[in-house]
Amino acid sequence: MFEDPTMTREMYDDLPEESDAKEFYAKYEPKEVLGRGLSSVVRRCVRKTDLQEFAVKIIDVTEQSWTEDRDSVMKEVTILQMVSRNANIIQLVDVFECTTFIFLVFELIKGGELFDYLTEVVELSERETRFVMRQLFEVVKFLHDLNIVHRDLKPENILIQGKLEIKVSDFGFAVRLKEEQLLKELCGTPGYLAPEVLKCSMIDGFAGYGKEVDMWACGVIMYTLLAGQPPFWHRKQMMLLRNIMEGNYNFDGPEWEDISHTSKDLIAHLLIVDPKNRFTAEQALQHPFFESIEYAVWAEKRLRKSRSPRKTPSEKGKFDAKSKFKAAIAAVCATQRLQAGLNRQQVLTFKTMAEDPYRVRGIRRVIDGCAFRIYGHWVKKGEDQNRAALFENFPKRDATKNANVSKTWV
Ligand code: ADP
Ligand code: MG
């Protein structure tokens, strides 16, 4: 395996010894690192028989690994095997076990994380957000119908390929609930934690939480996609937690000025402190945010394009009444939308530019984009808001290997 000229010796660092994992190495050749977790490294790998590429998540299950144990990884595998048939969930292809590591081989998703895409573009348009959120709600509905809670939905765990087609990944915290079962374990990533998860570790005798936590995380994701910054952040962690528990967020920033009321309304139905009143995935999918005909046509086209091969010139030439009709509707809707957009758009004057250039959307995007490229995640936008919050990952599991021992991070 050290013979590949495209790989340097450092690229092989922290790879398990060949003698430890003969079965994996017999079938696959590991390549460069794609991503890292606390106890796992994800690498590209190539199947030796047909040179097809995959991604392998190599999980350390030795005693030194304080975040993972064999049982919890095998639970992740069981859930992945149940859900892998969904086109928007990462496909698990192979599993190998040895004494120190477990290797999970997945389909390779080349588009990277939704998080990286967001970092690059700063914020998504409402249309792109719709496209991503519809797929995400459909995945969540699929999981919840199976009584599975993901518990770590965030842009880092959503991979993208083609034209923003999503693949939900990282089922490390996922659990399948028994009827009416409530959970108590504090796990997830701070900015995405639902209030009831926090209350579990703060209020003695609190009953627990259920599937609704995923819908809260969807609300945080949707807000973040549209605004380019998270709804809850404070440099003092106690304040961050308080804001989450009180559902204390707002749409006040200049980035919200151009965003429709419908989008805000859907977010407002997701970021509801009482889980009983929070939208379910099914309710979210029925929200007017997804109702536009123009969007439906656009989304269908986009999905079809990214999933099916291109048409040959002779196929392209054929008259297709259905798609012509759809295109006509799309054109009318697009014109109307454009008109509405123009009416809403801020008039650019020297005065606005001199007094508050950041309020002008185009300028804001350029400023954010440049600053982001230079300073990475340390770009401050306001007194106490910081895009770094997007990057603040929380260790995989608060409770150590023993799920009953709750070592909180607060
Ligand atoms: P962890 O549980 O350690 O967070 P993840 O399963 O989230 O591990 O994987 C870590 C990172 O590795 C992901 O955020 C992503 O960047 C990359 N990754 C994971 N699976 C794949 C895949 N199938 N294809 C491409 N990249 C992947
Ligand atoms: Mg992850």
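A residue is called buried when its relative accessible area is under 20%, exposed when it is over 50%, and partly exposed in between (1.4 Å probe, protein chains only). Asp94, at 16% relative accessibility, therefore counts as buried.

This is a predicted model, in which local features need pLDDT of at least 70 and side-chain atom pairs count only at pLDDT 80 or more, while totals for chains, interfaces and linings use all residues. Residues are numbered from 1 along each chain as its sequence is written, chains are lettered from A and ligands numbered from 1 in the order in which they are written, and side-chain values use heavy atoms, with hydrogens and water left out.

**Salt bridges**

The whole structure holds 14 salt bridges, a salt bridge being a side-chain nitrogen of Lys or Arg within 4 Å of a carboxyl oxygen of Asp or Glu. Among them are the three pairs below.

| Pair | N to O distance |
|---|---|
| Lys27 and Asp94 | 2.9 Å |
| Glu53 and Lys110 | 2.8 Å |
| Lys57 and Glu76 | 3.2 Å |

Helices (H or I, at least four residues) and strands (E, at least two) are DSSP runs numbered from the N terminus. Lys27 and Asp94 form a salt bridge; Lys27 belongs to helix α1 (residues 22-27) and Asp94 to strand β4 (residues 92-97), so this pair ties together parts that are 67 residues apart in sequence. Lys27 is partly exposed at 35% relative accessibility.

The salt bridge of Glu53 with Lys110 joins strand β3, which holds Glu53, to the loop between β5 (101-107) and α3 (114-121), which holds Lys110, so parts 57 residues apart in sequence are tied together. Glu53 is partly exposed at 28%, and Lys110 is exposed at 66%. Both residues also belong to a network of salt bridges that links Glu32, Arg44, Glu53 and Lys110.

**Lys57 and its surroundings**

UniProt lists Lys57 under "binding site" in an unreviewed entry; its positions are given in the numbering used here, feature names are shortened, and annotations may be inferred rather than shown by experiment. Lys57 lies in strand β3 (residues 53-60) and is buried, with a relative accessible area of 9%.

Which residue shares a salt bridge with Lys57? The partner of Lys57 is Glu76, at 3.2 Å from N to O. Glu76 sits in helix α2 (residues 70-83) and Lys57 in strand β3, so the pair ties together parts that are 19 residues apart in sequence. Glu76 is buried, at 2%.

Contact means heavy atoms within 4.5 Å. Leaving aside neighbours within four places in sequence, Lys57 is in contact with residues including Ser40, Val41, Phe103 and Asp170.

**The magnesium ion**

Donors are N, O and S atoms within 2.8 Å of the metal (3.2 Å for Na, K and Ca), and sites may look incomplete since water is not among the atoms. For the magnesium ion (ligand 2), the protein donors are Asn157 (OD1) and Asp170 (OD), at 2.2 to 2.3 Å. Asn157 lies in the loop between β6 (148-149) and β7 (158-161) and Asp170 in the loop between β8 (165-168) and β9 (175-176), so the pair ties together parts that are 13 residues apart in sequence. Asn157 is buried at 7%, and Asp170 is buried at 18%.

**Positive phi values**

Asp170 has a phi near 60 degrees, a positive value in a residue other than glycine. Leu164 has a positive phi near 65 degrees. Leu164 is located in the loop between β7 and β8 and is buried at 3% relative accessibility.
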